[in-house]
Amino acid sequence: MRFKNNKFLLFGALLSLALLLLFFTTPFLQKPISEEHKSVFILVLDGVGASYLENLSEHQIMIDGVFLRKARLKSMERFYSKSAVLEQPFTKTTAAHSLYYIAGNCGRRWDSIKECVDDFGIASVCDFYRSKGYLCIMVSEAGDFKEARNEFDVVLYDNDLFDFRVQLNSSSEEAKEVARFLREQAKNAANYKLQERDVDFFVLYSAFIIDTDYKLIKFLQGRFPEKKFFLFSNAKGTDRCAHLLSALEYINCIEGLDSYLKPLVENLADSNVLFFITADHGMAFDCLQCNGHHASKPYSETVFAKQIPFIFVSDENVFLIDGTAYDLMPSVFELSGFNSACGEMKYCEGNSLVMR
Ligand SMILES: [Zn+2]
């Protein structure tokens, strides 16, 4: 009897120890990576350097002996703590740098990006997502090129400022309907066009793209709720603002986008569509009233031109750590439920920055 009691005691103690261990270690165990496939929306705010966003990056920007006021994107700020700053080593405009994501990372041969996109097999991000049944859509202002447009099922692009065209590359019913929708939307572009090329002009240039993304996603959610999509979008106004106006106006230009981004944030933060905001490069200025640059030395060497935001607009309990632009697509792939996508792609290096 005594022996039996001891056995019970020992068993009880071991059980308690096991339960205690489980209790204390559970929060540190990684959640299994979701296999659920989700739609993806990547919005590139052209030329918006991470350094210029208040509360995102630590860098102070001193120009003409004063600290430059940074831009506040209030609708976005609650996501900054889980977002990352990426180093973009390629800040040149060669072959539409806005779209390097489309080719994975082209084996880091940025100057050959056109050949990479055009390559056979699963060479582009669209090749990959389409092989999984996704619809691939581009809504872009500049930053695109023929080889990249050909990768998508349907494309809205501008031939020149506010001269929008639709290109349909697929015979699927979904793609045809999206093309019809985008053609109608393109007719609205004229309503966004102002006369004078000031800050408001460039804010509205980007706002047209952001509004179109919002309406398109609503359309897709209503019309094809089961169809997954990969939407890539480039809003060019901020880059133009920096190149043609000044550092001070560039900040106003970025802030001007806040009210247009807000409906997208409200619709997508708690949805099945993964929403990422990034940029193709940042910007550097010699003086407060000077034009901005990013492609040539010495500007291309600065953190202001190289650091880009990678904001995950999501209420999910997911964090991104800082990395390089090469890590962007591996992170997006993982979050959209394709953990081993890079292994299937021809050009995809880098590591996922996702922490759960
Ligand atoms: Zn750019």
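Here, buried means under 20% relative accessible area. That cut-off comes up in most of the views below, and the model they show is predicted.

**View 1. Ser83, tucked into a loop.** Ser83 sits in the loop that links strand S3 (66–67) to strand S4 (84–87). Buried or exposed? With a relative accessible area of 9%, Ser83 counts as buried, because the limit is under 20%. Setting aside neighbours within four places in sequence, its contacts are Leu56, Phe310, Ile311, Phe312, Leu320 and Asp322. Ile277 is 194 residues away from Ser83 in sequence, yet the C-alpha to C-alpha distance is 9.7 Å.

**View 2. Where S4 meets S12.** Just after Ser83, we pick up strand S4 (84–87). S4 and strand S12 (residues 307–312) run antiparallel and are joined by 4 bridges. Look for Ala84, which stands opposite Phe310 in S12. Phe310 is also one of the residues in contact with Ser83.

**View 3. The nine-strand sheet.** Zoom out a little and S4 and S12 turn up as members of an open sheet of 9 strands, with mixed pairing and the order S7-S6-S5-S8-S1-S9-S12-S4-S14. Strand S7 (163–168) and S14 are at the edges with a single partner strand each, so each has one side with no neighbour in the sheet. For context, the protein chain has 12 helices and 15 strands in its secondary structure.

**View 4. S8, walled in.** All 7 of the 7 residues of strand S8 (residues 229–235) are buried, so the strand is largely enclosed by the rest of the structure. Phe229, Leu231, Ser233 and Ala235 point one way, while Phe230, Phe232 and Asn234 point the other way. S8 pairs in the parallel sense with strand S1 (residues 39–45) over 6 bridges, and Leu231 is the bridge partner of Phe41. Strand S5 (residues 135–140) also runs parallel to S8, again with 6 bridges; there, Leu135 has Phe229 as its bridge partner.

**View 5. The busiest spots in the nonpolar core.** The largest nonpolar core holds 121 residues, and those touching the most other members are Ile42, Tyr129, Ile137, Leu216, Phe230, Phe232 and Met329. Which helix gives the most to this core? Helix H6 (residues 199–223) does, with 14 residues. As a general rule, nonpolar side chains in soluble globular proteins tend to be buried together. Met329 is a handy landmark: not counting residues up to four places away in sequence, Met329 touches Ile42, Tyr101, Val125, Tyr129 and Phe230.

**View 6. H11, buried end to end.** Met329 also belongs to helix H11. In this helix (residues 328–335), 8 of the 8 residues are buried, so H11 is largely enclosed by the rest of the structure. The buried set includes polar company too, among them Ser331 and Glu334. After the helix comes Gly337, with a positive phi near 100 degrees.

**View 7. A nonpolar patch on the surface.** Which residues form this patch? Phe319, Ile321 and Met355 do, with about 260 Å² of accessible area together. Ile321 lies in the loop between strand S13 (319–320) and strand S14 (323–324), and at a relative accessible area of 41%, Ile321 is partly exposed. For the wider picture, the protein chain exposes about 15900 Å², with 53% of that supplied by carbon and sulfur atoms. Buried residues make up 55% of its 356 residues.

Methods
Residues numbered from 1 in each chain as written. Predicted model: local features only at pLDDT ≥ 70, side-chain atom pairs only at ≥ 80, totals over all residues. Heavy atoms only, no water. Core = buried A, V, L, I, M, F, W, Y, C linked by side-chain atoms within 4.5 Å. Buried < 20%, exposed > 50% of the residue type's maximum accessible area, 1.4 Å probe, protein only. Helix = DSSP H or I, 4+ residues; strand = E, 2+ residues; numbered from the N terminus. Contact = heavy atoms within 4.5 Å. Patch = residues over 30% accessible without salt bridge, like charges linked within 9 Å, V, L, I, M, F, W, Y side chains within 5 Å. Areas by Shrake-Rupley, 256 points an atom, 1.4 Å probe, with all protein chains shown as cover. Salt bridge = Lys/Arg side-chain N within 4 Å of Asp/Glu carboxyl O. Pairing = 2+ DSSP bridges.
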